[in-house]
Structures are given as C-alpha cells and as structure tokens.
Amino acid sequence: MIKRLLAGVVGAGILGGFGFLYYAWYPPIATIEPPAAKSFSAEQIERGRIVAAEGYCAECHTRTDMGGGPELAGDYRMETPFGAIYSSNITPDPEMGIGQWSEEALRRAMRLGVSRQGVHLIPAFPYDHFTKMTDQDISDLYAYLMTRPPVHMARRPNELPFPLSLRIGQAAWKLMFFTPGVYKPDPSHDALWNRGAYLAEGNAHCGACHTPRNFMGAEKKGSMYDGAVVDGWIAPPLNDKNPTPTAWTEDELYQYLRFGVAPLHGPAGGPMSPIPHRFLSTVPEYDVHAIAHYYADVAHSAERSKHDKAALARAMEQSKIDLIGPNVDPDAKLYQGACAACHYNSAPSPILGRPDLALNNALWLDEPTNLFQVMLRGLTAEEGQSGIAMPSFYNALSDADMARIAAYLRRTRTTLPPWKDLEKKAAEARETVKSIPVNSSH
C-alpha cells in the first residue's frame, strides 16, 4: 500500500512537472528585417508617441547612472530586494535592440511577458499592467519604437542570485500572480472614468509604484493603491487612505499630473517628478483629465472635500504664527530661519510656489522619508513647479537639525502622533543621497 502511495505521488509529480514545462514553454517568434520608417503613417507614429509617453517608456529604458545613456537604449539600473535589474534596449537596433522583432513579438511581450526568443521576462517590466492594453495601442507603440534612432548599446547583466536568475522561475511567478487580459470597460461608469481606469491600471501602470508588494515582488491585490516605498521615497496612497487633510479632487489631480504642482498639495518631487514634466505634459488633455477623474473617484474625493475649508484655515493660521511669532520654541526658531521665508502664506489660500507644508503628503505619512529626501536633495527648477527651485540643505542642516524641524512640523501641522527615531531616519535618508545635489547652495 505504501509503495502504491509513493508511486502515485511520484507519478503525480512527474505529470505535474511535464504540465508546468508545457505551460512555461513558448516558441521563438521568427526574426524580421527592421521595418522601414515609411511603412508607418505619421498619424500612427504620433499616436505611438502618446502611448509611449503615457507608459513612461523612456523613464525606465534610458540609463541614468554612468553619465547617462541614449534614450530608449536601456541599461537603466533598477534596485530590487532580489538584486539589481537592468532594462533592455528597445530601440530598433537589430542586434542590441528590438529591430528584428515583429509586431506580434512586441504584443506577446506586452501581453504575456515573453520575449521574441521565448524567454520569460522579469516582472520589473510591468507586463501585469501592459496586458490590459488594446491591440491598437500596442500597434501604435510598435510604429513609434521602430522609427526611433537605433542605438547599438548592450545592457549590463542582471545581478540576480541563483535560482532567481533562472527565467523559468518567472513562469511559476506568473502562475501564482499574473492574470493576462485586455481591460474591459466597467458599464457602471462613464467613458471618461473608463478611459482613466484603462490608462491608470494598464499602460500608465500607476500601481507598480503605488501598490505595496509581497515577499515575492508581486503587487498585493487586496491593497491596491495603498502606497509603497520606491527608490528611497514613499509613493503615497492613491485611494481613500491618502492621509492629507485636503482632498485630492479631480482638479487638484489634473493640475498635479499635467503641470507637476497642485495648489493644495504642493509639487511633484523624486521619482514622480518626471511623470508630469517629461511625459503627461505632452499627451492629450483629455487623457490626463481621465486619469484625474478616475483617481478622484478611487479616493472618494467628493466626500472628503467637505473638510477642506477647515483644514485650509488651520494651515494658514499656523503659517502666520511661524513668521510673526511668538516663537519661544527653539525648534520653531530653527524652522523659521531655514524654511519659513519660502513656505509662509498670508493669503486666504496657498500661493503657488510657496507650498504650505501643513497640506503636504510628506508630513502626514507614517514615516518622514519624503520630507527628509526633499530637505537633502532640494528641487530643481525642472521639478515641482516649473521655474521655481528649492535649494538642497544637504550641507546646511545636520541630521539632528533635520530631526528637530521634522518633529516641529509634525506636531504643529498635523493631528498625528510624533514620528520616532527621527535623527536615525535622517541619517538613513542621507545615505541614499550618493553625492551632494547639484542645486545645493548651502
């Protein structure tokens, strides 16, 4: 009896193994001669440019370290808990890029996460979002990519340890966490909402940064848009868990996504900054409105905005106290000397270019991460509100100084418990800034 049971287990294991190999195997797709640019219409190329901009292709497929690299030539270093991963070259170079890929091969990569050669792609390439894209968008993207200048540049090899380096393991990951399928409109919502959902959940892959991940690197489906840590910053929640005292209304979201700054929430910094300035500022306004419309609904903005007037009044009152006193608190004096001159508002509502910190996500998050990052790095004139810069305080403020300012702002600008271990966290944030920022004037 025991022998029969063991034989059955072994047999089931063998059959399961063969079944998995069948599931995991994809044949190569034949190479083609790089298509001539004139084989695509100008209208299709322009539509493809919009698709590429809304998917931020150049952001992750352009090297930023080692002096930078040509656009879309890959070799962008992505730090993950499992090791560094380098993006691929997606220019139409026949050897190093995708010049020999057919449209069918690109579609399979976007929809199923499988390369032309039949190799499973690492989900750092967010095919779990791109799978929702329509045939038309993928076809237009193909036209755009195939008409870019070819760049003959190799990427560095990934730094994943064995057995994570085995690509067949990605098939097991897909079996557990990946559901392919084009976006299906929700009939309970209007066309604008569905366009926003299609972009946000698909090509724009917002959840890739704003949804926390499990121990295997997959997005936690039950925690969609709950916020996550990305490149040493916190990508805040996009749903009703966003802690700011004023609601992210549709108009605030549109201003932020289109121009990089929202009157009641401040500027875009860190990894988010290129999204409005480099990409969404170049696409049709309707699409940006659609994304804003979708997230205003996800965050229940209409209900939350009822409390905006009271929160705004509290913020303006505290701003006046900081500048005109009385300030007997030594932490308040430090803040007054370093920050208050630029972050002071005397108007009934915040003035663009002087973001009121009482309304900013950075003070309301569970950790002071984003506040410290902005203190250390500053904001260039190309980030946040265009043409307005914030200097880096990398040299001007010690870790203890930053901790004091953070503690002061947390207790005077929010109704939340104080942050803990601030000086330690300031030092940790400083470690993530590899060199003194170029806009440091202190």
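# Notebook: aromatic pairs, salt bridges and helix packing

**Entry 1. Aromatic pairs.** I looked up two aromatic residues to begin with, and found that Y127 and F178 are both buried. The model is a predicted one, and I read every value below in that light. My search of the whole structure returned 13 aromatic pairs. For the pair Y127 and F178, I noted ring centres 5.1 Å apart and planes at 85°, so I recorded the geometry as edge-to-face, since the angle is over 60 degrees. I then placed the two residues: Y127 belongs to helix α5, whereas F178 sits in the loop between α7 (168-177) and α8, so this pair ties together parts that are 51 residues apart in sequence. I also noted that ring pairs join Y127, W173, F177 and F178 into a cluster.

**Entry 2. Salt bridges.** I next turned to charged side chains. As a general point, side chains of opposite charge can pair when their charged atoms come close. I obtained a count of 21 salt bridges.

I examined R107 and D135, whose side chains form a salt bridge with an N to O distance of 3.4 Å. R107 is in helix α4 (residues 103-112) and D135 is in helix α6 (residues 135-145), so the bridge ties together parts that are 28 residues apart in sequence. For D135 I read a relative accessible area of 43%, so I classed this residue as partly exposed.

I then examined D287 and R195, which form a salt bridge whose closest N and O atoms are 2.9 Å apart. D287 lies in helix α12 (residues 285-298) and R195 in helix α8 (residues 191-203), so the pair ties together parts that are 92 residues apart in sequence. D287 has a relative accessible area of 6%, which is under 20%, and I therefore entered this residue as buried. R195 has 25% relative accessibility, so I entered R195 as partly exposed.

The third bridge I looked up joins E219 and R213, at 3.8 Å from N to O. E219 is buried, at a relative accessible area of 9%, whereas R213 is partly exposed, at 36%. I also found one network in which salt bridges with shared partners join R63, D65, D75 and R156.

**Entry 3. Helix α4.** Which residues of α4 are buried? I listed A105, L106, R108, A109, M110 and R111. I then asked what covers these buried residues, and found that the cover includes α5 (127-130) and α6. Just after α4, I noted a positive phi of about 70° at G113.

**Entry 4. Packing of α2 on α6.** I measured no quantity by experiment here; the values are computed from the predicted model. Helix α2 (residues 42-54) packs with α6 at an angle of about 105°, and the axes are 7 Å apart. The two helices are therefore roughly perpendicular to each other. On the α2 side, I recorded Q44, I45, R47, G48, R49, V51 and A52 as making the contact; on the α6 side, I recorded Q136, D137, S139, D140, L141, A143 and Y144. By class, the contact of α2 with α6 contains 6 nonpolar, 4 polar and 4 charged residues.

**Entry 5. Packing of α15 on α18.** I asked at what angle the axes of α15 and α18 cross. Helix α15 (residues 330-343) and helix α18 (residues 399-413) cross at roughly 105°, with axes that come within 9 Å. I therefore described α15 and α18 as roughly perpendicular to each other. The contact is made by P330, D331, A332, L334, Y335, A338 and C339 of α15, together with D401, R404, I405, Y408, L409, R411 and R413 of α18. By class, I counted 9 nonpolar, no polar and 5 charged residues in the contact of α15 with α18.

**Entry 6. N194.** I located N194 in helix α8. Is N194 buried or exposed? N194 is buried, with a relative accessible area of 9%. Leaving out residues up to four places away in sequence, I found that N194 touches Y183, P185, D186 and H189.

**Entry 7. G384.** I located G384 in the loop between α17 (369-377) and α18. With a relative accessible area of 1%, G384 is buried. The C-alpha atoms of G384 and V261 are separated by 5.6 Å, although the two residues are 123 residues apart along the chain. Apart from neighbours within four places in sequence, I found G384 in contact with F259, G260, V261, P267, A268, S273 and H277.

Key: Residues are numbered from 1 along each chain as its sequence is written. This is a predicted model: local features need pLDDT of at least 70, side-chain atom pairs count only at pLDDT 80 or more; totals for chains, interfaces and linings use all residues. Side-chain values use heavy atoms; hydrogens and water are left out. A salt bridge is a side-chain nitrogen of Lys or Arg within 4 Å of a carboxyl oxygen of Asp or Glu. Helices (H or I, at least four residues) and strands (E, at least two) are DSSP runs, numbered from the N terminus. Buried means under 20% relative accessible area, exposed over 50%, partly exposed in between (1.4 Å probe, protein chains only). Axes are lines fitted to C-alpha atoms, for helices over the stretch in contact, and angles run from 0 to 180 degrees between N-to-C directions. Angles under 35 degrees count as roughly parallel, over 145 as roughly antiparallel, 65 to 115 as roughly perpendicular and the rest as oblique. Contact means heavy atoms within 4.5 Å. Ala, Val, Leu, Ile, Met, Phe, Trp, Tyr, Cys and Pro count as nonpolar, Asp, Glu, Lys and Arg as charged, and the others, Gly among them, as polar. Rings of Phe, Tyr and Trp (its six-membered ring) pair if their centres lie within 6.5 Å; planes under 30 degrees apart count as stacked, over 60 as edge-to-face and the rest as tilted.
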